[in-house]
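Dear colleague,

Please find below the structure for your files. I should be grateful if you would read the notes that accompany it.

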Amino acid sequence: MDIPSSTTSPTSPPPRHDVKPSQVTPKRAARGATRPGDRIFLGLSRGSGIALLVIMAAIAAFLTYRAALALSDNTGNFLTTFEWDPAGTATNGKPYFGIAVLVFGTVVSSIIALVIAVPIAIGIALFISHYAPRRLATPIAFVIDLLAAVPSIVYGLWGALVVAPNLTGLYSWLDDYFGWTGIFSYQGGAPRSLMTVGILLAIMILPIITNVSREVFLQVPKMHEEAALALGATRWETIRMSVLPFARSGVISASMLGLGRALGETIAVATVLSPSFVINASVLDFGGGTFAQNIASKFNEATEYGRDALIASGLVLFVITLLVNGAARLIIARRKEYSGANA
Amino acid sequence: MSTTTIAKPASLRGARLPRWTPAVVALGSAAVAVAIGTVAGLDSRIQWGLIAAVLFIVASYAVAVAVEGGRQAKDRLATSLVWVTFLLAVVPLASLVFETVERGSTVFNGYFLTHSMGVVADDEPGGGIYHAILGTLEQVLLASVIAVPIGMLTAIYLVEYGRGKLAKVVTFFVDVMTGIPSIVAGLFVLSFWILILGFDFSGWAGAMALAILMMPVVVRSTEEMLKLVPNELREASLALGIPKWRTILKVVLPTAIGGITTGVMLAVARIAGETAPVLLLVWVNPMINTNPFEGSQASLPLYIYQQYAAGNQAGYDRAWAAALALIGFIMILNLAARGVARWKAPKTGR
């Protein structure tokens, strides 16, 4: 397994405790790569790795710099203001903008997407790993991959022109029976609401949740399942007793990866939603907005200062997705070490 | 044969429903749902489907409770739920492909592929996507030229050299980078290339953002493939006194090249459909601009977005036709990638 160490270990001295590891590494690497070709190649490949880190750092740095330019002149509170007016048309040229509406819209649409997508994705993953006839499993996995390959603009087009017109019936039904909650009241009109966006996002994040969950389901030790079956458990009881408990943390991180996608989806949301900068209690009525959608919709007519304001909101989105994705990856990484999958 | 059996052998297992029950229940609930839909005058097909799904789940549970008892019924409930979720995923894909092909084929022809929007107003029919195809190809090509070498070298570093802290950090950030929203990559290039360095909108600016999105995908897939290369190959080469870098270039990479190509093609398919960074960085151009380094360009996803935003029938037709072209391009790339993977699969067996 260990190629680099096998080339260096015969000559490498026993570990020296008086020297810090950081001082040892370059020396040892240099000994392993004495030939100029080796040194150049190692330098190139390590440089590429470092370049990736530099790009990540640069993204954070440049976005922060431009965002700071915008925020220093903002007369509203960036977190709590319900307006987006960086040009200051209503306030005598004084920029007045905040992300409260965007936070609301982004969170609501992503939650709707997760609520719909996670159960369905778990179902499909179980279908592929435990229920489908063996011959069907591979083609079905391929179909799910195709779902991931469709570009988001095509989802947007389809969502706006095919799905949305078909949702009026469902929404009026929801309004009839659950309208009293306030969340599901529907005043008619084109259903280009956060709910429609949520449904579309659910379809778009299905593949990633399904694929990661399926991987985890397939890692469940066969012995656990056979033990349950031998006790006379039905297939469902086997899954509930041995598969789901084992896979719980994997499914959670899969959902978080899906959440990361849903938070940052731009063009499908911009196509389907008819945005307005208000917070609407009903998820069925049009209006609202998300971070990414707001950037795409407002970008064309924005001035340079307006673009900086949009960059400020993009920075918030960047930080949120970074946290969500980082947490998901940490959960997966921790699982890999402790799971008895290879036992 | 067993006509002389005295005790009923089935008595040990309890009553079971025949194998065809789910199929019959499914057909029955579909029929009832259609009936309800027609009688109640529901015009949305989505409602019909949801009613059928609920009916199917409830009916198969009820039948199973009556015949087989509680535990088996729960098992059946889970099975039917799992089947329904699968159908719920297939239906959107089928609808999307069907609608795109049907609505897209109205104006999709040779003229559409070979003409630009140069002299066509937004609301009149005609025009085409030649300029957009050109822009997409150039931007994707430039993005690949940046992302593929960096991505592959990073993967080589992680698999062949990477020990210690730097490799761990790089691995983690590659994972995190996969999740960067495309619009954020666009904003980054906007802030440093256009707002700070003062360059103009161009295909090249878009390509840089696309490269950022492409890199982690290339790293991941190359890494997976390099890990599949058997260690005996490396050891054999090193034992002959071949320098490590030549071992990697001449032994490891050729063995894994099929899988790496697949990964790169899938990455290209992914970025070819990205709209958000292109929207921010390439701007809009209805004319043919063959130079990606100067002046705004067009691109297929952006073209679809604009034609949709124009909000008239001629625009919608063009948007669907362009969507058909884009999906076709991406599906062909996907299928070709899988073909390459099968054709050049690393021969790990003995």
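The notes below turn to chain A and then to its contact with chain B. Please bear in mind throughout that this is a predicted model.

Chain A

Chain A contains 12 helices and 2 strands. Read from the N terminus, its elements follow the order α-α-α-β-β-α-α-α-α-α-α-α-α-α. Of the 343 residues in chain A, 53% are buried. Among contacts in chain A with a separation of 6 or more, 71% join residues that lie 24 or more positions apart. The area that chain A exposes is about 15,700 Å², and 64% of that area is supplied by carbon and sulfur atoms.

The contact between chains A and B

Chain A contributes 91 residues to the contact and chain B contributes 90 residues. Together the two chains bury about 8,200 Å², with 77% of this buried area on carbon and sulfur atoms.

As to specific interactions, 10 residue pairs are in polar contact between chain B and chain A, counting pairs with both residues at pLDDT 80 or more. The salt bridges between the two chains number 3. One of them links A:Arg329 to B:Asp175, whose closest N and O atoms are 3.9 Å apart.

On the side of chain B that touches chain A, helix H3 (residues 70-104) of chain B provides the largest share, at 19 residues. By residue class, that side of chain B comprises 60 nonpolar, 17 polar and 13 charged residues.

Yours sincerely

Note on methods. Residues are numbered from 1 along each chain as its sequence is written. Chains are lettered from A and ligands numbered from 1 in the order in which they are written. This is a predicted model: local features need pLDDT of at least 70, side-chain atom pairs count only at pLDDT 80 or more; totals for chains, interfaces and linings use all residues. Side-chain values use heavy atoms; hydrogens and water are left out. Helices (H or I, at least four residues) and strands (E, at least two) are DSSP runs, numbered from the N terminus. Buried means under 20% relative accessible area, exposed over 50%, partly exposed in between (1.4 Å probe, protein chains only). Contact means heavy atoms within 4.5 Å. Accessible areas come from the Shrake-Rupley method with a 1.4 Å probe; for residues, only the protein chains shown count as cover. Buried area is the accessible area (1.4 Å probe) that two parts lose on being put together, summed over both. A salt bridge is a side-chain nitrogen of Lys or Arg within 4 Å of a carboxyl oxygen of Asp or Glu. A polar contact is a pair of N or O atoms within 3.5 Å; within protein, one must be able to donate a hydrogen and the other to accept it, and residues adjacent in sequence count only if both atoms are side-chain atoms. Ala, Val, Leu, Ile, Met, Phe, Trp, Tyr, Cys and Pro count as nonpolar, Asp, Glu, Lys and Arg as charged, and the others, Gly among them, as polar.
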